Amino acid sequence: NPVYSFPVILNSGVADVQKYAAKKNIEVAYAFKNSIADFLKESQGSFINAVSLLLRCVLFPLYPRLGTKKSAEIAKVLATLP
């Protein structure tokens, strides 16, 4: 897993973005997976804003050794997200 990541808060569903990025060979992960909000999903009413971010924020790879070509591919995907 990369140490550095670029968080993106989405307006649309995460599934669509994951499929779109996967077509371009870019791995996207949930930003707050294994957080306290993820752990306590059953009591979502108590912290609605945290759950909203949990479900809409994803991480794109961004780290020093990524390379120019891969960075350009990721930038293109970010610019054209569904």
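**View 1. Lys23 in helix α1 and a positive surface patch.** In this predicted model, K23 belongs to helix α1, which covers residues 14-23. The residue is exposed, and its relative accessible area is 69%. K23 also takes part in a positive surface patch, where its partners are K19, K24 and K76. To find the patch for yourself, start at K23 and look for those three lysines.

**View 2. Lys69 and the span of helix α4.** Now let us turn to helix α4, made of residues 68-79, where K69 is found. With a relative accessible area of 67%, K69 is exposed. How far apart in space are K69 and A79? Their C-alpha atoms are separated by 15 Å, and ten residues separate the pair in sequence.

**View 3. A salt bridge within helix α4.** We stay in helix α4 for this close-up, which shows E73 and K70. Side chains of opposite charge can pair when their charged atoms come close. Here the side chains of K70 and E73 form a salt bridge, with an N to O distance of 3.7 Å. The two residues are three apart, about one turn of the helix. The model has a count of one salt bridge. Are these partners buried or exposed, or do they fall in between? E73 is partly exposed because its relative accessibility is 31%, which lies between the 20% and 50% limits. K70 is likewise partly exposed, at 26% relative accessibility.

**View 4. Asp38 in helix α2 and its contact with Asn34.** This view brings us to helix α2, residues 36-39, which contains D38. Buried or exposed: which word fits D38? The residue counts as buried because its relative accessibility is 19%, and the cut-off for buried is under 20%. Follow the side chain of D38 and you will come to the backbone nitrogen of N34, at a distance of 3.1 Å.

**View 5. Stepping back to the whole chain.** Finally, here is the setting for the close-ups. The protein chain has four helices and three strands. What pattern do they follow along the sequence? The order is β-α-β-α-α-β-α. Measured out along its principal axes, the C-alpha trace spans about 45 × 25 × 15 Å. The chain has 82 residues, and buried residues make up 22% of them. D38, from the previous view, is one of the residues that count as buried.

Notes
Residues numbered from 1 in each chain as written. Predicted model: local features only at pLDDT ≥ 70, side-chain atom pairs only at ≥ 80, totals over all residues. Heavy atoms only, no water. Patch = residues over 30% accessible without salt bridge, like charges linked within 9 Å, V, L, I, M, F, W, Y side chains within 5 Å. Areas by Shrake-Rupley, 256 points an atom, 1.4 Å probe, with all protein chains shown as cover. Salt bridge = Lys/Arg side-chain N within 4 Å of Asp/Glu carboxyl O. Lys, Arg positive; Asp, Glu negative; His and termini not counted. Charge placed at Lys NZ, Arg CZ, Asp CG, Glu CD. Buried < 20%, exposed > 50% of the residue type's maximum accessible area, 1.4 Å probe, protein only. Polar contact = N/O pair within 3.5 Å; in protein donor to acceptor, adjacent residues only side chain to side chain.
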